[in-house]
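Biologist: I am new to this structure and should be grateful for a close look at a single part of it. Please describe how the helices there pack and which charged side chains pair.

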Amino acid sequence: MPCPCGLLTRREEPGLSPVPLKSISVTLSICEFVAGVSATLNYENKENVPLEAFFVFPMDEDSAVYSFEALVDGKKIVAELQDKMKAHANYEEAISQGHQAFLLEENKDSRDIFSCNVGNLPPGSKAALTLKYVQELALEADGALRYVLPAILNPRYQLSKGPEDSCLKTKIPVVPLEDLPYTLSMVAAITSQHGIERIQSNCPLSPLQYLGDKTSAQISLADGHKFDRDVELLIYYSGVHTPSVAVEMGEPTAKPDCLMGHPSAMVSFYPDIPEAQPPMTCREFVFLMDCSGSMQCPMNNQDKSQQRIEAAKETLILLLKSLPIGCYFNIYRFGSTFEAFFQNSVQYTQHTMEEALKRVTLMQADLGGTEILEPLKSIYNGPSIPGYPLQLFIFTDGEVNNTFSVTKEVKSNALKHRCFSFGIGEGASTSLIKGVARAAAGMAEFITGKERMQPKVLRALKRSLQPVVEDISVHWELPPGLSATMLSPEQTVIFRGQRLIIYAQLTGMMPPAEATGEVCLRYTLQSKNFENKVTFSLQPKFDANLTIHRLAAKSFLQTKDMGYGETPANDKKDVLKVSLECGVISSHTAFIAINKDLEKPVQGPLTQRDIPRPMLFCSPAALCSPAALCSPAVGLDRSRVLIRGSRSKAMSPKVASPQKIRAYSSTMRTSVESHPIVSEDNNFVQLISLQKADGSWDLNEGLAKILGMSVEDILAALPAKGEDSSGWATVLAVIWIHDNYKDLKCEWELLERKAVTWIHIHAGSIRHVLIEAATALLKSSVDPAVFSL
């Protein structure tokens with residue numbers, strides 16, 4: 001079944017006005033680190049003929065969608081979750097009989113895209129389609145909880161052998177942002193027993209209103225949002241790192257053997273993992289870099305925003321400089337094809353680092369489409385290096401349409417490696433980025449808006465170098481007659497600073513209200529045993545939405561559901577059972593609602609008409625390509641003529657005028673050309689570029705220019721005449737970076753540690769003299785303790 005984007009109508013006759021998507025309204029309720037969302041899409045049929053309407057929209061892949069309903073001319077029609085094939089058949093039969101029908105489903109290619117069909121919308125009718133979902137909020141490094149309302153669905157690169165019934169095959173016309181005919185509104189209520197310190201957003205908000213004390217607040221999206229970015233909220237609580245356990249009452253009417261029939265527990269741990277020295281065993285690092293055409297797009301829609309590919313190149317320079325001596329590494333670039341810098345991973349030396357840096361500097365977004373599966377297979381099929389566990393870093397804007405196949409490939413090789421993934425720019429696929437990281441026990445990060453890529457990537461590199469936490473287990477202390485069954489997958493990795501969420505089902509006789517239980521997380525780090533305990537009340541709380549049960553079901557589905565065509569038969573049976581029992585949608589189920597109470601069946605052919613998507617701020621090459629001009633985005637519409645029982649091919653979509661395209665291209669050209677890989681005024685990147693693989697700096701004109709001195713003056717200030725100038729230059733570089741880029745410490749911390757180690761080895765006898773002299777020469781107040789190991 002074709003599934004175009006947005007609510008669509010078209011008849012192949014000129015002169016008819018489109019049926020617009022009028023508005024999207026979102027009600028957001030955040031309690032601690034869980035969000036409940038109700039999103040309503042309001043449409044109106046102003047035509048004199050009945051419509052079959054469609055919309056496609058992005059959704060965070062962690063969202064547990066549990067409700068879908070339509071309000072048509074005052075009548076509410078609640079959908080039922082069914083096996084997907086059965087739901088499709090019921091929908092088609094209802095439409096053919098003139099009944100109103102509504103179908104909501106995950107896209108077959110990706111868990112973060114949903115499509116909805118609205119069948120037989122009579123002339124003059126209004127339709128309000130509401131879906132509800134819950135999700136965990138991601139914890140950021142600075143303690144913020146991040147909620148993202150996806151508003152951008154980027155064009156997904158189409159494989160030639162991709163499925164024909166994917167809504168991603170559909171092409172959509174585009175218009176400038178100012179001509180977009182629909183609006184977005186959002187109201188958010190936030191509550192936390194710890195107190196709400198502040199809320200930040202990448203979009204204009206109304207002033208924060210506290211409701212009584214600071215444990216509850218309300219905020220709303222300012223008018224005028226135009227779908228040029230996802231809506232992001234960063235919420236800061238006073239005590240976000242407090243372990244907790246919440247017990248939720250089961251559904252009384254559920255079957256005894258059903259997940260919904262028993263109380264469920266949601267446990268949040270913040271393991272206090274001590275900082276430890278990296279083990280002697282080193283690593284193999286492979287960096288897989290997206291060089292498809294879409295990487296020419298800017299990081300955000302601000303003037304002179306850096307291209308994604310340029311930000312990625314600067315990040316690669318930092319990574320290459322921060323790698324530990326003795327490791328192995330390789331870099332792959334991919335698009336429609338792929339290529340490796342080296343035939344196999346090579347040892348990290350000054351020579352191999354310089355060779356890689358030269359190729360990074362020349363790297364462009366010139367490889368066409370986004371086909372990540374083949375380079376992954378090449379990496380996994382390559383020879384492994386004994387004693388050097390593989391750490392895979394994937395950089396992409398996430399615009400692929402075979403997400404499940406990619407995730408399955410990563411999962412099948414999970415024992416070989418850990419995978420750290422990075423979604424670059426607005427609208428990166430959460431299904432791809434989170435899916436591959438989860439499949440290989442790594443971490444996923446997203447870089448949007450004005451965020452710098454470098455700190456998130458360097459944080460992941462630090463995590464990849466951490467000693468492995470082993471023997472992870474969860475133990476429950478409960479009253480006699482009560483037991484806990486784990487619903488979350490077995491935990492195989494914990495990183496320092498990570499939050500760990502676990503779901504369990506409590507079965508047996510619930511004790512009196514005053515009874516308590518205890519749950520303990522145990523693990524081993526470098527032969528030392530650690531444990532974190534939480535004591536909690538066993539009195540379950542009532543929640544009409546059964547939030548914890550839905551999240552527990554979603555956690556289970558994410559580990560078993562590998563897509564409509566990729567899930568093994570045994571797992572599919574479990575997926576269907578949990579999905580249908582818990583009412584949480586999966587790739588094998590769909591929501592279906594049928595209204596048979598019309599006074600008379602809808603008569604006449606169903607027609608469709610386009611609602612365009614916004615023209616986003618992108619590169620000239622991408623803007624001028626058919627794929628970019630005619631591709632899906634949230635709330636955007638594509639159409640076909642529908643005669644009962646037969647569906648004809650869609651007309652060619654309209655595109656923006658050449659004049660407007662040229663205007664956008666001119667603007668982008670100015671932005672693109674203003675960001676070379678290492679700009680002359682970026683002393684930070686210049687200094688990093690001069691560092692050698694062993695961590696040292698040579699004393700040369702490049703370093704002298706950054707320090708604002710001449711080489712002669714620097715040599716004259718060398719306190720130990722006749723000593724190697726590299727030690728002097730390295731001490732100066734370390735002090736200078738502390739003085740000038742203290743706020744970027746997370747980006748240079750690893751390469752600075754390499755430099756300090758080198759100083760201890762090569763300038764140990766005169767280290768203190770060099771540090772004292774360098775501090776005086778640079779008029780620095782840096783504490784000499786920074787040179788301690």
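Modeller: The following account begins with one pair of helices and then turns to salt bridges. The model is predicted. Helix α4 spans residues 373-381 and helix α5 spans residues 403-412; their axes come within 10 Å and cross at roughly 10°. Because an angle under 35 degrees counts as roughly parallel, α4 and α5 are described as roughly parallel to each other. On the α4 side, the residues in contact are L373, L376, K377 and Y380, and they meet S405, V406, E409 and V410 of α5. Sorted by class, this contact has five nonpolar residues, one polar residue and two charged residues.

Helix α5 also takes part in a salt bridge, since it holds K408, whose partner E566 lies in the loop between α8 (547-560) and α9 (569-582). The side chains of E566 and K408 meet at 3.3 Å, N to O. This pair therefore ties together parts that are 158 residues apart in sequence. E566 is partly exposed, with a relative accessible area of 23%, and K408 is likewise partly exposed, at 37%.

Across the whole structure, a search finds 28 salt bridges. One of them joins K434 and D62 at 2.8 Å, N to O. K434 lies in helix α6 (residues 430-439) and D62 in the loop between β4 (51-58) and β5 (64-72), so the pair ties together parts that are 372 residues apart in sequence. K434 is buried, with a relative accessible area of 15%. Another salt bridge pairs E140 with R146 at 3.0 Å, N to O, and both of these residues are buried. E140 and R146 also belong to a network of salt bridges that links them with E232, E451 and K456.

Notes. Residues are numbered from 1 along each chain as its sequence is written. This is a predicted model: local features need pLDDT of at least 70, side-chain atom pairs count only at pLDDT 80 or more; totals for chains, interfaces and linings use all residues. Side-chain values use heavy atoms; hydrogens and water are left out. Axes are lines fitted to C-alpha atoms, for helices over the stretch in contact, and angles run from 0 to 180 degrees between N-to-C directions. Helices (H or I, at least four residues) and strands (E, at least two) are DSSP runs, numbered from the N terminus. Angles under 35 degrees count as roughly parallel, over 145 as roughly antiparallel, 65 to 115 as roughly perpendicular and the rest as oblique. Contact means heavy atoms within 4.5 Å. Ala, Val, Leu, Ile, Met, Phe, Trp, Tyr, Cys and Pro count as nonpolar, Asp, Glu, Lys and Arg as charged, and the others, Gly among them, as polar. A salt bridge is a side-chain nitrogen of Lys or Arg within 4 Å of a carboxyl oxygen of Asp or Glu. Buried means under 20% relative accessible area, exposed over 50%, partly exposed in between (1.4 Å probe, protein chains only).
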